[in-house]
Amino acid sequence: MHRRSVIKGLGAAALGATASSLPLPGLIRRAHAADTVKIGCLFSSSGTMANIEGRLNYVARMAAEEINAAGGVLGKTVEVVVTDPGSDWPLYAQLGRQLISQEEVASIFGCWTSVSRKSVLPVVEQSDALLYYPLHFEGEENSKNVVYLNSPPSSSVLPAVDYLMSEEGGSAKRFFMLGSDYVWPRTINQQLKGYWGEKGIGADAWREEYVPVGHSNFQTLVNEIRAFADQPGGQPIVVLTVVGNSIPDFFREFVNQGIAAFDVPVLGLDAVEADFEGLDTSELVGHLNCWAYLQNAAGSRNEEFLANWASYVGANDVPFRPDVAIDPMVSTYDGVHLWAMAAEKAGSFDVPAVREASAGLTFACPSGYEISMTAENNYVKRGVFIGSLNETQGYDILWQSEDTPTPVPFSPYMNT
Amino acid sequence: MARRLALLISLICLALPGGAAALDRVAILAEICSEDFRAQQSALESLAGAGADNGREGAVWARAVVEGFEGRDLRCGADGAYIEGPEGLVSAETLARAAPEGDLSAPSVNLRLRATAASAGFVLALFTEDSIEARLRAAGRLDRRREAVSAPVLAAALEIERDPAIAAVIVEIRTSLLLGDPDPARRIEAIGAIATDATLRNRTTIAEALENESDPSVRAAAEAALAEIDRTLAIGKALATLYSGVSYASVLLLAALGLAIIFGLMGVINLAQGELIMVGAYATYFTQELIRIVLPGALDWYLFLAIPVSFGAAALVGIVIEATVIRRLYARPLMTLLATWAISLLLINAVRVGIGTQNLEFHQPAYVSGGFPVIGDFIMTSNRLFAIAIAIAAFFAVLALIRFTTLGINMRAVTQNRAMAGAAGIDTRRTDRLAFGLGSGLAGLAGLALSPLYNVNPTMGTGFIVDSFMVVVLGGVGSLAGAVVAAFGIGQINVAIEPVYGAVAAKVIVLLLVILFIQRRPEGLFAPKGRR
């Protein structure tokens with residue numbers, strides 16, 4: 001009991017701290033309460049996830065500002081309530097509940113890691129709220145209370161692996177899976193093995209290794225990768241699902257042992273531009289990642305988005321780089337707009353009505369694709385990009401899908 | 001020079017009967033710009049042959065195109081291709097300055113094409129580089145990257161090569177290309193040439209050839225070569241494991257050395273030790289930034305120039321901590337536990353707020369980047385070698401300091417019997433402060449040595465604290481030699497288990513072993529003599 005009240009206190013303190021940094025002072029906010037509708041953000045501004053997750057709060061605000069500039073939703077001004085779960089997974093659930101019951105938000109935008117999403121899930125299901133989740137993830141979940149803005153493996157990892165197995169992508173024949181030891185890497189690798197099994201690729205063509213979260217000494221494993229790569233059987237690749245600071249540590253050792261991207265390309269499934277801050281990427285050129293958006297995506301929608309972000313950062317003194325945009329930022333941005341469109345279409349902010357109205361929505365995503373939702377589930381159809389790391393810590397587009405593949409929530413390769 | 005060149009060119013022309021048609025530059029560039037994977041591939045391959053067919057001028061041009069393509073500086077427009085150079089655009093056809101009309105786009109460069117382009121670049125370097133070192137480097141790289149290599153091109157390169165060392169490398173590559181030759185003697189020669197470099201990759205090449213081989217003499221040669229390679233590989237593998245263990249041990253030792261003094265000799269449980277490592281790493285970073293501004297020429301040596309800075313910065317922080325907090329808590333060790341934990345949080349968050357959470361970018365001079373092959377597949381990585389060297393140097397410096405200096409004698413005296421040492425006229429308070437400063441400074445030095453290995457950010461220290469205590473406790477509280485043996489043991493065991501049971505299990509097994517050992521022998525490996 002005591003502990004719970006402490007956590008509550010902490011949460012309230014975090015809420016208070018962030019609320020006071022909102023552009024509108026509390027008093028005015030209350031006075032306008034009748035004309036505003038609240039949406040909540042559940043992204044950590046402190047703890048291990050702060051560097052990458054923190055920027056999503058600002059993108060949500062930026063999207064809300066855009067909507068307000070265009071007249072708001074159903075005549076009401078959108079107000080963003082920001083919380084700080086502090087990279088502490090149970091606190092996501094606590095603060096999520098607070099957003100729903102105390103702040104009475106119309107929808108929540110939040111979570112980066114799968115474990116934080118799993119923590120909030122019972123809360124949003126219990127009170128029939130709506131959570132917009134902006135990360136590509138392992139799938140195997142289909143809640144009516146979560147809008148999965150980003151792709152499950154069927155429309156992100158599998159197309160990327162397919163490309164690498166094509167002649168143009170280097171005819172990959174053998175696979176070294178290296179991941180951090182938790183649910184996301186293990187599920188992804190399970191599906192990959194099922195997928196390869198289906199394609200007639202035998203178990204001798206892959207190896208699977210896991211390291212503890214936060215592992216930093218990759219000497220032995222990179223030695224193993226070299227030995228694996230030099231064995232017969234065709235072009236090897238590494239499917240990397242380590243997370244956080246293990247990513248730069250891995251690449252540093254990889255380069256120092258003299259492995260070039262065209263000897264053994266690494267498909268870094270969680271690698272974003274921010275992971276390479278602090279690394280000299282000139283020796284890493286050519287390593288790959290796959291997301292539903294890359295900063296170099298062509299088209300005026302992307303130019304507009306990047307320009308907006310840069311000016312938003314400048315105008316609001318945002319502590320993140322104005323010239324870096326990563327996929328989860330764009331997904332969050334899409335999410336706020338999709339929610340506003342659904343509410344407008346439904347003529348109400350009630351969750352069941354918004355959910356129903358979501359079916360058939362389309363939105364011109366900065367990625368250049370027309371993303372869409374169907375009545376079938378709460379997944380969003382997105383495009384697929386494969387990026388190739390360049391000298392300036394960014395990703396060039398190596399390949400992108402023709403259209404937006406239909407997401408498959410439950411992988412058929414899971415139990416094969 | 002020019003005459004010699006002319007002679008060489010005529011030699012090549014003689015070597016290739018009928019002369020050679022000039023490359024159709026426009027057609028090749030059109031193919032590269034075509035976005036058709038196969039056309040691009042064949043264009044790059046034909047460029048690789050430019051040195052053999054078109055003399056030096058053709059080779060220079062081909063190399064410019066290939067390198068422009070690989071470096072993604074090539075641009076395609078409606079009226080031809082261009083290369084983005086340091087002084088603006090040049091025409092890819094003539095390499096002269098040019099102003100394009102209309103929009104330019106970059107052709108897609110996937111991994112396959114980059115590999116071919118890199119290979120072609122090395123081939124062409126043999127024809128165009130004037131410096132012997134550059135040609136030798138190119139020939140060495142060619143050995144691993146053979147996408148665009150063919151026997152006639154290598155023959156042409158041999159014709160003009162005057163340096164015997166480079167010629168030998170080229171001959172070897174050419175010989176190894178003969179593995180599919182109809183003449184069995186040639187195949188044996190090829191096996192011999194491949195086997196000179198005993199790597200797993202070459203072993204695979206020979207083993208694959210052996211599968212389709214019917215000639216008994218070739219089979220015998222291949223089997224003998226495989227056995228020889230296997231022996232070398234086994235040695236290389238053993239050395240690689242040893243090296244991994246030693247380098248991991250050096251990291252553990254670096255992190256634990258300061259703690260061996262603060263906890264081992266003084267008995268202070270310092271949970272802020274990891275943050276002192278972080279302070280050292282940040283001090284290294286700021287030294288680098290300062291040198292970048294003040295003395296850009298010496299930037300490569302910043303790691304050495306930062307040694308006193310990182311030691312001094314961490315020692316200063318340590319002395320301040322000692323003077324303000326720990327001094328008051330010597331009688332209450334459990335309070336120090338809490339107080340130093342608070343200090344650790346304070347330091348982390350001060351850096352987070354003041355500098356930011358991102359990983360710092362360090363300049364990587366040649367002596368801490370890359371590695372060099374030793375034997376078989378064993379590569380010695382330079383950054384770890386640097387850490388090993390610093391660890392050894394720091395250990396012996398500390399050992400000498402404790403053995404031979406007055407401060408060392410005082411420290412030992414105070415450790416063994418504080419009251420008696422005080423009675424003998426040693427200023428115990430000053431000794432405590434200096435010892436704490438020394439222990440902190442060593443942590444700072446660890447931060448410097450670890451900066452080429454690990455991410456430097458505010459929370460980097462937290463990962464080291466458990467390992468450091470493990471090493472100190474296992475080695476025997478108060479024993480420096482014990483810390484070395486413990487670090488080495490933990491390092492080796494960890495590295496030996498990791499390939500078999502995985503990294504997660506290795507951590508668990510090592511911790512279990514440490515627990516079992518401490519239960520059997522609570523005083524650690526080397527029990528200190530004397531009264532506590």
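A residue is called buried here if 20 or more other C-beta atoms lie within 10 Å of its own, exposed if 12 or fewer do, and partly exposed in between, with the C-beta atoms placed from the backbone. By that yardstick, buried residues account for 45% of the 532 residues in chain B, and for 53% of the 416 residues of chain A. All of this comes from a predicted model, in which local features need pLDDT of at least 70 and side-chain atom pairs count only at pLDDT 80 or more, while totals for chains, interfaces and linings use all residues. Residues are numbered from 1 along each chain as its sequence is written, and chains are lettered from A and ligands numbered from 1 in the order in which they are written.

Overall build comes next. Helices (H or I, at least four residues) and strands (E, at least two) are DSSP runs, numbered from the N terminus. Chain A holds 12 helices and 15 strands. Its radius of gyration, taken over C-alpha atoms, is 21 Å, close to the 22 Å expected from the globule rule for 416 residues, so chain A is as compact as a globular protein of that length; the rule itself is 2.2 Å times the number of residues to the power 0.38. Along the principal axes, the C-alpha atoms of chain A fill a box of roughly 70 × 45 × 40 Å.

Chain B, by contrast, has 21 helices and 5 strands. At 31 Å, the radius of gyration of chain B is well over the 24 Å that the globule rule gives for 532 residues, so chain B is more spread out than a compact globule. The C-alpha trace of chain B spans about 100 × 65 × 40 Å along its principal axes.

Now for how the chains meet. Two residues are in contact if their C-beta atoms, placed from the backbone, lie within 7 Å. On that basis, 40 residues of chain B touch 38 residues of chain A. Several elements of chain B supply at least two residues each to this side, including helix 5 (111-128), helix 11 (216-265) and strand 5 (378-381). The chain B side splits into 15 nonpolar, 17 polar and 8 charged residues, where Ala, Val, Leu, Ile, Met, Phe, Trp, Tyr, Cys and Pro count as nonpolar, Asp, Glu, Lys and Arg as charged, and the others, Gly among them, as polar.

As for strand pairing, two strands pair if DSSP finds at least two bridges between them. In chain B, strand 1 (residues 74-77) and strand 2 (residues 80-85) run antiparallel and are joined by 4 bridges. A hairpin links these two strands of chain B through 2 residues, and Cys76(B) has Ala81(B) as its bridge partner in strand 2. Chain A has an open sheet of 3 strands in the order 11-12-13, with antiparallel pairing. Strand 11 (362-364) and strand 13 (380-381) of chain A are its edges, each pairing on one side only. Strand 12 (residues 370-373) of chain A shares 2 bridges with strand 13, and Met373(A) sits opposite Val380(A) in strand 13.

Two backbone oddities round things off. Most residues other than glycine have a negative phi. Leu74(A), however, has a positive phi of about 50°. Leu74(A) lies in the loop between helix 3 (50-69) and strand 2 (77-83) of chain A, and is partly exposed, with 13 other C-beta atoms within 10 Å. Ser171(A) also has a positive phi, near 50°. This serine, Ser171(A), is in the loop between helix 6 (157-165) and strand 6 (172-180) of chain A; Ser171(A) counts as exposed because 12 C-beta neighbours lie inside 10 Å.
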